[in-house]
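Colleague: Please take a close look at a single part of this model and then connect that part to what surrounds it. I would like the cut-off behind each term as you go.

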Amino acid sequence: MVAAAVGRGAVLGAVALSLLAVPARAATGGAAAPPAVSLPAPDTGGVDRVLRTAVAQGAPGALARIDDDGRTYQVTRGVADRGTLRGISAGDRFRVGSVTKSFSAVVLLQLADEHRLDLDAPVDRYLPGLLPDDRITVRHLLSHRSGLYDYTDDLFADSVAGFEAVRNKVFGYRDLVALSLRKPRTNAPGAAYSYSNTNFVVAGLLIEKLTGHSVKTAYEKRVFEPLGLRDTFYVHPDTRIPGRYARGYLTPDTPGAAPVDATDQTVSWAQSAGAIISSAKDLDTFYSALVGGRLLSPARLAEMERFTRVDATTAYGLGLRRRDLSCGVSVYGHTGAVQGYYTYAFTTPDGRRSVTAMATTSNNGAVLGTLAGVLESAFCGKQAKSARAAGEADTDAPDAPDEPDGV
């Protein structure tokens, strides 16, 4: 086991810090910035205990990065590669799963800012005949209230066999929508929250229709490049992660069977719902910039942050989760699960403290629940309760029958 590495130092130079400062909201429309959140110091010892537990529960490696108003703390445990035993680094790239949904939502909200999209218009206005119900709006998609069935529930009913069947397959967006439409809808449009990857596959179709460009180009030109996200990529349908990365391992359904190296895959079954590759540093930068007003107008950001309660500890806006912690602090971001990787990426409402945690496993509910404890220690400090005392982690994984929410 690699010993924990805890580092502290400046993470943003003066130029970058000025770009990411919270008052940027005022420049985009004059709205007041949210009040600064008063937090205790991060408990890096608590973060280390969480990661150590995750490794003991079956994750080959785990990492966390805290960016705290100009300082960074990094904690790692375990290995990035079970074959070479290279120690995992906080700078390793990885597949972020459903954190992709926040990027997709940002692009569509930017198009709303540009008056090219009406969030309350039927999806069929922009994609005629795609959906069977013209009451389904763009807002329903982004808030998981469309009622569209999540096709990944069927694809990954059996984790390893389901994954191997699609590992190298390339789907079209409409192929995935067709898989969903084979099943009845879960509820009437707008009637209830029901997490479904289908929603953000349709979002990808909307992005390509309205911009005239691929989702890859839209991400790059509208988010990756403006924020200087050098570790963030959308490579679909390429199966490889560029540069230095941590390998991801899928836990088989059969107890005692060897983990499956799931690193190389097209992620074509997810695309705009879950195929982005990134790093902890870049995800911290992204969410801090987002809530700080760098990507959206104040009006659109307020809509993204209009949350509806999902359970005791979580609420959902437009491609954005809110998680309510044991110390009374609420943080914004998203969870992600894709074969081989679990991710939590969240920031305070003022963007001053951002945290990303990742473990290189999936189909492992124990690790998923444990990893949520990083948020408690990072945002609540030494007063944090354990993840299980504060409320279980979001069930956000595509590869286990008891974790139904998809990527």
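Modeller: A polar contact is a pair of N or O atoms within 3.5 Å, where within protein one atom must be able to donate a hydrogen and the other to accept it, and where residues adjacent in sequence count only if both atoms are side-chain atoms. By that criterion the side chain of Ser 159 makes a polar contact with the side chain of Asn 363, at 3.2 Å. Ser 159 belongs to helix α8, residues 159-166 (helices are DSSP runs of H or I with at least four residues, strands are runs of E with at least two, and both are numbered from the N terminus). Ser 159 is buried at a relative accessible area of 0% (buried means under 20%, exposed over 50% and partly exposed in between, with a 1.4 Å probe and protein chains only).

Before going on, please keep in mind that this is a predicted model, in which local features need pLDDT of at least 70 and side-chain atom pairs count only at pLDDT 80 or more, while totals for chains, interfaces and linings use all residues. Residues are numbered from 1 along each chain as its sequence is written, and side-chain values use heavy atoms, with hydrogens and water left out.

The part I would single out is helix α12, residues 280-291. Its twelve residues should span 16 Å at 1.5 Å a residue, and the 17 Å between its end C-alpha atoms agrees with that (the expected span is 1.5 Å times one less than the number of residues). Eleven of the twelve residues of α12 are buried, which leaves the helix mostly covered; among them are Asp 282, Asp 284, Phe 286 and Tyr 287. After the helix comes Gly 293, with a positive phi near 90 degrees.

The aromatic side chains of α12 lead outward from the helix. The structure holds eight aromatic pairs (rings of Phe, Tyr and Trp, the last by its six-membered ring, pair if their centres lie within 6.5 Å; planes under 30 degrees apart count as stacked, over 60 as edge-to-face and the rest as tilted). Phe 103 and Phe 286 form a stacked pair, because their ring centres are 3.8 Å apart and their planes lie at 10 degrees. Since Phe 103 lies in helix α4 (residues 100-113) and Phe 286 in α12, this pair ties together parts that are 183 residues apart in sequence. Both Phe 103 and Phe 286 are buried. A tilted aromatic pair is made by Phe 307 and Tyr 332, with 4.9 Å from centre to centre and 50 degrees between the planes. Phe 307 sits in the loop between α13 (298-304) and β8 (308-309), and Tyr 332 in strand β11, so the pair connects parts that are 25 residues apart in sequence. Phe 307 is buried at 16% relative accessibility, and Tyr 332 is buried at 13%. Returning to α12, its residues Phe 286 and Tyr 287 join Phe 103, Tyr 219, Phe 224 and Tyr 234 in one aromatic cluster.

Strand β11, residues 330-338, is largely enclosed by the rest of the structure, because eight of its nine residues are buried. Strand β10 (residues 321-324) pairs with β11 in the antiparallel sense over four bridges (two strands pair if DSSP finds at least two bridges between them), and here Arg 323 stands opposite Val 331. Five residues separate these strands in their hairpin, where Gly 328 has a positive phi near 95 degrees. With strand β12 (residues 341-347), β11 again pairs in the antiparallel sense, over seven bridges, and Gly 336 has Thr 343 of β12 as its bridge partner. The hairpin of β11 and β12 has two residues between the strands, and Gly 340 in its turn shows a positive phi of about 100 degrees.

Some backbone geometry elsewhere also deserves care. Most residues other than glycine have a negative phi, and most peptide bonds are trans. The peptide bond from His 236 to Pro 237, however, is cis, with omega near 10 degrees. His 144, which is not a glycine, has a positive phi of about 60 degrees and is buried at 0% relative accessibility.

For the wider setting, the protein chain contains 16 helices and 14 strands, and buried residues make up 61% of its 407 residues.
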